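Visitor: Could you take me through this assembly, beginning with the terms and then moving from the interfaces to the interior?

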Amino acid sequence: MSSKVLSLSRKIVLFFRRPKVEKTLKITISIIKWVFFVFIIFLLYLPIFIIAVQSFNNSQLMYDFTEFTFKWYGMIFQERALRQAIMNSLLIASLATLISTVLGTIFSIGIHSLTKKRRQKMVLLNQVPILNADIVTGISLMLVFKVFMYIFPDIFGFTTMLLAHIFFCLPYVILSILPKLSELDDNLYDAALDLYCKPATGILKVIIPAISSGIFTGMLMAFTMSIDDFVISYFNTGQGFDNVSIWIYASIGRQMSPAVYAYNTAFSFLMIALLIVISVRSSLKKRKNLIRFSQNKI
Amino acid sequence: MNIKKLGRLVVPYLIWMCVLVGLPLIIMVVLTFLKSNALDLSTAEFSFDSWRLLFSDLTVRTALKNSVVNAGIATIICFIIGYPVAYIVANSNFSNKLIILVLTVIPMWSNSLLRNNAIANLLSERSIVNDVLNNIGLSFIWPIRGVFYDSGFSPAVVIGLVLTYLPFMILPIYTVLEKIDKSLLEASMDLGANKVKTFFRVTFPLSIKGVTTGIIMVFLPSFSGFAIPKILGSGNLVFIGTLIDSRFMNRNYNFGSLLSLVILLIIFGSMALIFKVDKEGETLI
Amino acid sequence: MKKIYLLLGVVLTSLALIACTSKPKLYVLNWGEYINEDLVEQFENEYGVKVVLSYADSSEAMEQKVKEGTTKFDIVIPSDYMIEKLWDEGYLQAIDLSKLSNFDHSAFVPGLNGIMSMMFQDNPEVTNAYTVSMPYFWGVFGLMYNRQLSGLEAYIEANQWGAVFEQEPANLFTRPLKVGMYDASRLTYSASLIYANDKGLVDDQTALNKFSTVYLQTSEQVLSQRSYTLWATDMLKKDVEAGNLDLAFVYVGDFFDTYLILTENAKTTEEATQLTSHIGIFVPDTTIAFYDGMVIPAASRNVDLAHTFINYFLDPEIAYENSGIVGYTTVLTETAEMIKNATKGDVIRSVMASDYPYDPSTIQDFTAIPLIAFSNADTDSVAAMINTVKSK
């Protein structure tokens with residue numbers, strides 16, 4: 001019995017070892033692989049696609065596609081609450097990105113220059129806001145700001161939301177810059193100081209250019225996190241300073257104005273376009289430098 | 001080494017973290033032993049009520065169970081889907097940077113609440129997809145929304161969690177897989193191992209770091225979230241996140257803080273785990 | 001690179017300029033879809049101010065937001081029982097009626113006085129309920145249902161609240177009913193006790209306004225009789241309309257809200273009837289009545305402007321424009337007349353006013369009881385009971 005099974009399995013193995021079979025098998029596997037991959041991307045983009053479909057739907061009702069229209073795109077800035085929320089979101093996201101990028105760069109250089117043990121401890125501390133549950137972060141910040149409220153009674157609103165966003169954006173910036181710093185040759189900075197550079201100039205002229213790709217990644221991450229945040233903003237808002245997520249959360253049960261779908265779709269496309277422009281420009285620059293370099297060589 | 005002198009740049013960050021991480025922790029711990037009206041300390045009194053409630057309340061137990069069940073299933077599905085995707089990207093000839101952007105960052109520029117609302121719409125009996133399909137003569141019913149089992153498992157919530165947090169599983173695994181030295185794989189093949197054996201003996205053990213981070217990055221937000229269960233759970237499910245939210249909304253800061261500390265305990269456990277496998281935190285983004 | 005920084009700088013400054021205006025700000029906390037935003041804009045232009053609107057989906061949520069104090073609201077619009085509670089706890093300030101040129105005791109519809117007189121019975125200091133809150137809209141609760149499911153209408157009429165709280169007999173309908181429950185613990189509790197009184201589970205007409213452990217158990221028992229497809233607030237009306245629910249316990253005003261959205265583009269009454277033929281509303285024999293009133297929190301910093309705002313919405317013309325978007329019943333007699341007689345050529349709203357229980361004071365065959373506030377501890381117990389029901 002067992003010898004029969006064994007010979008059968010050997011036969012199967014031999015069958016698959018035949019060159020022709022092996023080739024078809026390889027092709028099939030790679031097809032399955034890519035079909036699976038495309039399917040997962042499709043799933044990830046399905047909700048975004050549905051939002052886009054809604055944004056072109058003439059009817060307000062979520063389940064009824066009546067006719068194709070662009071009218072909601074014109075309505076984005078007509079709805080006062082939505083318009084205000086969009087302004088607030090963009091303002092907070094840009095400011096938080098800007099501030100956390102600048103501070104994050106400085107702090108990362110600081111963390112990088114610590115001894116190994118201390119550095120690891122700082123990295124661990126830096127992970128707290130990333131790994132911490134949003135709801136706990138949101139509540140923690142709210143509690144602190146509530147204490148501050150005894151001194152500054154009007155702190156809730158713009159100020160608290162900005163501080164909260166900087167709080168959770170900073171770690172992402174630092175984490176994207178640190179690996180670039182460890183690739184950097186520390187002697188470069190020494191050389192700069194030996195050439196009578198002031199420390200600040202040394203950082204600005206030597207270290208920052210070398211880690212600029214890390215800074216850019218960090219900036220992108222910070223902006224992405226800030227623009228999409230709901231929970232932390234929800235606990236730290238006040239004075240009617242709502243961002244888009246808070247507006248959506250408050251409207252989701254009701255007949256939400258389809259203008260928000262239009263905004264969402266338009267925003268995604270603008271960001272993608274911006275990203276393409278930036279990457280094309282930087283690759284063009286690289287090519288230009290390459291050409292110049294090769295010309296110099298000749 | 002002049003660069004070592006720059007260490008003092010960290011000091012403001014340390015102070016910032018102490019105020020915004022340390023201080024609230026102390027406030028929360030104190031709050032759990034009080035019975036107070038929000039943060040009003042003048043009427044507060046010492047009490048163990050919150051602690052008693054934590055161990056005796058049926059709702060807390062159900063909420064913990066529901067959160068663990070749904071977040072657990074979502075994490076497993078994310079792993080099953082995410083690992084192959086990360087593996088395919090890491091071994092492809094495409095511009096990986098672009099694919100990773102497409103997979104992780106671009107979906108996040110769409111508001112996550114709106115995306116989950118779209119999923120809720122998709123899973124309703126009458127949805128826009130059904131309407132469009134009906135118009136071209138196809139009928140398709142997918143009444144998963146509202147289906148609710150005694151186990152606390154809600155398919156709609158799990159779908160929402162998976163589609164929201166899948167990128168957080170793919171990214172760390174991809175980061176690790178991409179860094180694996182290809183010569184190790186060649187060595188394994190040269191020593192007679194086949195592809196499958198190489199994968200399980202070499203590639204997978206080397207990617208454990210990314211897998212750990214990925215699992216934690218998916219499980220933690222799924223476990224503690226309250227917006228997705230609220231949008232997709234038909235209001236029938238009590239989650240630990242929704243419970244904390246409702247406690248704080250009812251100005252019961254004491255019990256809310258205690259529940260937050262429970263979550264925090266799990267988070268510190270996860271951080272210890274990550275610190276063990278990845279000291280420099282390179283898999284986190 | 002420099003260009004990018006310049007661009008960023010320009011964008012930031014312009015955003016900052018748009019975000020901050022030096023105009024006086026009026027902070028208003030309202031229910032969602034409960035104000036005509038065009039009127040708010042009109043108010044802003046007329047008085048050169050900026051109105052900042054925030055939203056909440058229950059009176060309890062409004063209570064928390066007022067008590068949190070993170071935003072110093074100038075106007076809040078909670079329901080009757082919450083107004084009384086907030087006043088008793090000292091979170092509100094009195095309205096100065098002399099500042100309201102449009103105010104007139106006799107301007108309000110008669111039925112409203114019934115609710116107003118029920119308030120502050122144990123508080124002799126308040127002699128005039130209008131000095132605490134200015135009525136905004138009012139109405140009753142009802143059952144919104146799917147008209148396309150045959151037999152459902154008759155079943156609801158025969159069973160009243162039982163249609164929502166009881167498991168329907170098997171095979172009565174072609175499929176099991178999908179029922180939605182209002183997820184605001186105070187309302188759920190009271191509705192379940194009205195049902196309990198109807199069925200003789202408790203022998204007390206006023207049980208809905210009392211809190212006791214016995215009633216709490218009764219309520220839990222009633223709510224456990226069936227499982228609900230959806231626990232929600234504003235989402236219920238949307239899901240009944242979409243056919244995702246067959247029956248739900250909602251504000252009657254929610255039904256008219258939906259009605260107005262559906263008939264937005266209708267030209268004739270026939271067209272309106274046809275567009276809304278799939279949904280219906282039923283008011284049980286005994287139900288809950290409410291009014292929502294504008295109050296000025298004690299922490300308000302812009303009291304004069306708050307009075308101007310209240311006065312603005314007491315103008316019958318403005319109230320007419322407001323009710324055209326909101327769908328709830330107006331509190332002003334003159335506005336009600338304008339709607340009924342369709343003096344503005346608004347056919348659909350006149351149909352609405354005559355055909356349906358739009359105006360609670362014109363319909364005699366049901367009893368509507370307003371709610372009385374519970375203490376914090378009791379509210380918490382009720383909320384915990386609802387969570388227990390959901391956890392089962």
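Guide: Two residues are in contact if their C-beta atoms, placed from the backbone, lie within 7 Å. This is a predicted model, in which local features need pLDDT of at least 70 and side-chain atom pairs count only at pLDDT 80 or more, while totals for chains, interfaces and linings use all residues. Residues are numbered from 1 along each chain as its sequence is written, and chains are lettered from A and ligands numbered from 1 in the order in which they are written.

Visitor: Which element of domain 1 of chain C gives the largest share of the side that touches domain 2 of chain C?

Guide: Domain bounds come from an automatic or database domain assignment, and for chain C they give domain 1 (24-138 + 290-359) and domain 2 (139-288 + 369-391). Between them, 26 residues of domain 1 of chain C are in contact with 23 residues of domain 2 of chain C. Helices (H or I, at least four residues) and strands (E, at least two) are DSSP runs, numbered from the N terminus. With five residues, the largest share on the domain 1 side comes from helix 4 of chain C.

Visitor: How many angstroms separate the centres of domain 1 and domain 2 of chain A?

Guide: In chain A the assignment gives domain 1 (16-79 + 260-298) and domain 2 (80-256). Five residues of domain 1 of chain A are in contact with eight residues of domain 2 of chain A. Taken over C-alpha atoms, the separation of the two centres is 27 Å.

Visitor: How many nonpolar residues are on the side of chain A that touches chain B?

Guide: In this interface, 72 residues of chain A are in contact with 72 residues of chain B, and helix 2 (residues 19-55) of chain A gives the most to the chain A side, with 14 residues. For the classes, Ala, Val, Leu, Ile, Met, Phe, Trp, Tyr, Cys and Pro count as nonpolar, Asp, Glu, Lys and Arg as charged, and the others, Gly among them, as polar. Besides twelve polar and seven charged residues, the number of nonpolar residues on that side is 53.

Visitor: Which class has eight residues on the side of chain B that touches chain C?

Guide: Here 14 residues of chain B are in contact with 19 residues of chain C, and helix 3 (residues 58-90) of chain B gives the most to the chain B side, with three residues. Sorted by class, that side has three nonpolar and three charged residues, and the eight others are polar.

Visitor: Which residue of strand 3 of chain C is the bridge partner of C:Leu29?

Guide: Two strands pair if DSSP finds at least two bridges between them, and chain C has an open sheet of three strands in the order 2-1-3, with parallel pairing. Two bridges join strand 1 (residues 25-31) of chain C to strand 3 of chain C. In strand 3, the partner of C:Leu29 is C:Val76.

Visitor: Which helix gives the most residues to the largest nonpolar core?

Guide: A residue is buried if 20 or more other C-beta atoms lie within 10 Å of its own, exposed if 12 or fewer, and partly exposed in between, with C-beta atoms placed from the backbone. A nonpolar core is a set of buried Ala, Val, Leu, Ile, Met, Phe, Trp, Tyr and Cys residues joined through C-beta atoms within 7 Å. The largest has 270 residues, and those with the most contacts inside it are B:Ala86, C:Ile75, C:Leu247 and C:Ile288. With 17 residues, the element that gives the most to this core is helix 7 (residues 155-179) of chain B.
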